[in-house]
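Reader: Hi, I'm new to this one and would like to be walked through it. Could you show me what we are looking at?

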Amino acid sequence: RHGSTQKTIQMSSETQRLVGELLVGSSVSVGSSSFPSRQGGKQVLPAGNIEKSVSVLEIDSAKEKLNAELLAKQEKMKDSANVKAMQSFREKLPAFKVKAEFLKAIANNQVLVVSGETGCGKTTQLPQFILEEEISSLRGADCSIMCTQPRRISAISVAARISSERGEALGETVGYQIRLESKSSAETRLLFCTTGVLLRRLAQDPKLTGVSHLLVDEIHERGINEDFLLIILRDLIPRRPDLRVILMSATINADLFSKYFGNAPTLHIPGLTFPVAELFLEDVLEKTHYIIKSEFDNIQGNSRRRRKQQDSKKDHLTELFEDVDIDSHYRSYGRSTRESLEAWSGSLIDLGLVESTLEYICRHEGDGAILVFLTGWDDISKLLDKVKVNHLLGDQSRVLVLPLHGSMPTVNQREIFDRPPPGKRKIVLATNIAESSITIDDVVYVVDCGKAKETSYDALNKLACLLPSWISKASAHQRRGRAGRVQPGVCYKLYPRIVHDAMPQFQLPEILRTPLQELCLHIKSLQLGAIGSFLSKALQPPDHLAVQNAIELLKTIGALDDKEDLTPLGRHLCTLPVDPNIGKMLLMGSIFQCLTPALIIAAALAYRDPFVLPINKKEEADEAKRSFAGDSCSDHIALLKAFEGWKEAKRSGNERSFCWENYLSPVTLQMMDDMRMQFLNLLSDIGFVDKSKGPSAYNLYSNDLEMVCAILCAGLYPNVVQCKRRGKRTAFYTKEVGQVDIHPASVNAGIHQFPLPYLIYSEKVKTTSIFIRDSTNISDYALLLFGGNLVPSKSGEGIEMLDGYLHFSASKSVLELIRKLRGELDKLLNRK
Ligand code: CDP
Ligand code: MG
């Protein structure tokens, strides 16, 4: 049933005779067993077939042994008390009821779409059903199941969960692989990976050789990688008839996917959820107001201290109403929903209101965990700080407040899932990651701020925007459902009903909301044909202008040639799992011998800023960052120096105090350190670094900050801003959007006179205004040597940059020299 792509094996007639004798009356299967790049699947030959060799027999017996071993282990584990307890939990999940139907459906169909309420057991059970079935039927050796997850954190937590359900250690039969990190072994038969990891694997192995089952999870989220993968799979399926593809989605929109795959069958897992009452802002305000009123009624007889506490509470309420601008909301009832939505479209969320709601629940509602949906790390950490000192939530020893965020380190994961000790209330402050990919069972109350940080892409201005904006009705429904897992629950929606009514049905798919350069690079590296026509096959094809922008950028950085073909440089960039600009910075760092700084800065840009933003110590934190930057006028240098300082502090054993004093996250720094080593390995794989030469061979200029800044320019171009003096101040211009601002958290914020005429930046975002995030002051020479293409200037003298940023005139011989230097550099970058 796995088809037969087996190579036939030649053997001598003498061996044929021998083997023939051995084989009479028995059936033997053929195939090699090395995971994960096996050839094809298993083939059961009729008894007496003698077209086999002794070596095949050896492989066969090794395989049979493995099949038996896998089965024996699985059976043995079933007896352990832990697995038994887990098994009875598993049997209560809705997915368990459809087990037989599911296995039958995948046996009979190549593609299956499965939908079911979040928490019904899709992710943890369905891949496990396949695994158990394959092992029980003695097909364990040949089975290789992959399951993609949109996020790293869910890949790890699900793999860990299934391992413990099976009574195994993580990395035995069940493992995971995420960017730069994996836990798997030769024994692994079920591998969870991020969708990005699978896409990279497709580059090496376009037919996913040896994979027997591929499950694509969370497709309803419509992430860019998942949408991309679906296009590839639709083309791959006819060429891999033995591959089974299972698409998993929350209840939303399963039909859309079924249609896309030529009306593939769908299997719905009926939910098992309790009713969840729904309160909108108007109700929430009434409730929270009510507590305070009744407290005021009781005020007589209270101690002075208590009265004071309540007075401040009253102020808070007044503030609350001011913040929420409830009057204007009620007035807005007379207006159209669209207008009211606009009136409510402020990007902030009201943490005070969230806090009061938490107070209300803790003081007036029964037991049960609270799940709060916020927009990002900023809100989470602010609210964490507030909640920690809020005695109205009850005795601090009785609340357990936990953050949950996609890029959180994976330590303490279990705490989020486990029930808290008796008498303690668990409060989880989460981003929309808790909406569908992570399920916390004991949630009874959901507090939903109604917003999520959403990227959007302004193709006209080539600008990514990252703003909290209203979620869709589908998301709101998901969030609400999280409260009814174990008993009836309540969902506190901190927005008025009218806003809910005006929410879009579904969120726009990510492919329509993000810059497409990484995707386009992937399309080329996977040899999927012309970018435009490939993308037109997507579920919802992206805008033509967005595609053109991406192609143009890839041409500017030299990853694509004029015919839109991948250059050798482009091919190198594909192998580096980072944004193409950051990848180019790494290559330049190795060429120009300032490798270590390039690795460190690239790690920070690809992962996250190690500087933390404490709310009430913002100035001190800014000051710490500035002191790292010195007079470099560079956020990137600040990152580098902070990292070096941390390394030093770690060596001398005072990491903690160093991080504490300088507002740095040790976890992020550690991650950067790991990533830097991984980047180094990748550079060595593609031949840009020869590790045997030792680090000194690549770091001649690592302490030369001007050189480091020039490398930054080479990597980050065309992200350039021109600094123009306007009287006493400096104004900043980009070609695409005109004037921009420097982000207030940058060390360059507030500088009025820069020593050099340009800034290079890693990110331009539109929030309250158009900001450039991390920036570095660079010279025109850096731009001249490492920037975009040069053309003869229109005035006839000298040269200018194609995008017009730079005009440079010099004697013919100097210009000639510059051209030669750039030509040589191009050769280095494009070496094969
Ligand atoms: O994928 P789906 O949302 O359908 O559900 P799931 O992730 O397979 O989770 C099924 C159940 O397993 C959840 O309701 C949790 O009770 C439990 N689970 C857990 O306890 N720990 C995890 N890391 C994952 C799931
Ligand atoms: Mg799931």
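Author: Before we start, a word on naming: helices and strands here are DSSP runs, with at least four residues for a helix and at least two for a strand, and they are numbered from the N terminus. Please also keep in mind that this is a predicted model.

Reader: Okay, so where is Tyr663 in those terms?

Author: Tyr663 sits in the loop that links helix H29 (655-662) with helix H30 (666-685). Its phi is positive, near 55°, even though the residue is something other than glycine.

Reader: And is Tyr663 buried or exposed?

Author: Tyr663 is buried, because 20 other C-beta atoms lie within 10 Å, and the cut-off for buried is 20 or more.

Reader: What about Gln593, what is its phi?

Author: Gln593 has a positive phi of about 55°, and it is not a glycine. Gln593 belongs to the loop between helix H25 (580-591) and helix H26 (595-606), and it counts as partly exposed because it has 18 C-beta neighbours inside 10 Å.

Reader: Changing topic, which peptide bond is cis?

Author: The bond from Tyr717 to Pro718 is cis, with omega near 10°, and Pro718 lies in the loop between helix H31 (705-716) and strand E19 (720-726).

Reader: Now the ligand: which residues come nearest to ligand 1?

Author: Of the 15 residues around ligand 1, the nearest are Gly119, Lys122, Thr123, Thr124 and Arg161. Helix H6 (122-136) and helix H7 (152-166) each contribute at least two residues to that shell, and the largest share, four residues, comes from H6.

Reader: How many of the shell residues are polar?

Author: Nine are polar, alongside three nonpolar and three charged residues.

Methods: Residues are numbered from 1 along each chain as its sequence is written. Chains are lettered from A and ligands numbered from 1 in the order in which they are written. This is a predicted model: local features need pLDDT of at least 70, side-chain atom pairs count only at pLDDT 80 or more; totals for chains, interfaces and linings use all residues. A residue is near a molecule or strand if its C-beta atom, placed from the backbone, lies within 6 Å of it. Ala, Val, Leu, Ile, Met, Phe, Trp, Tyr, Cys and Pro count as nonpolar, Asp, Glu, Lys and Arg as charged, and the others, Gly among them, as polar. A residue is buried if 20 or more other C-beta atoms lie within 10 Å of its own, exposed if 12 or fewer, and partly exposed in between; C-beta atoms are placed from the backbone.
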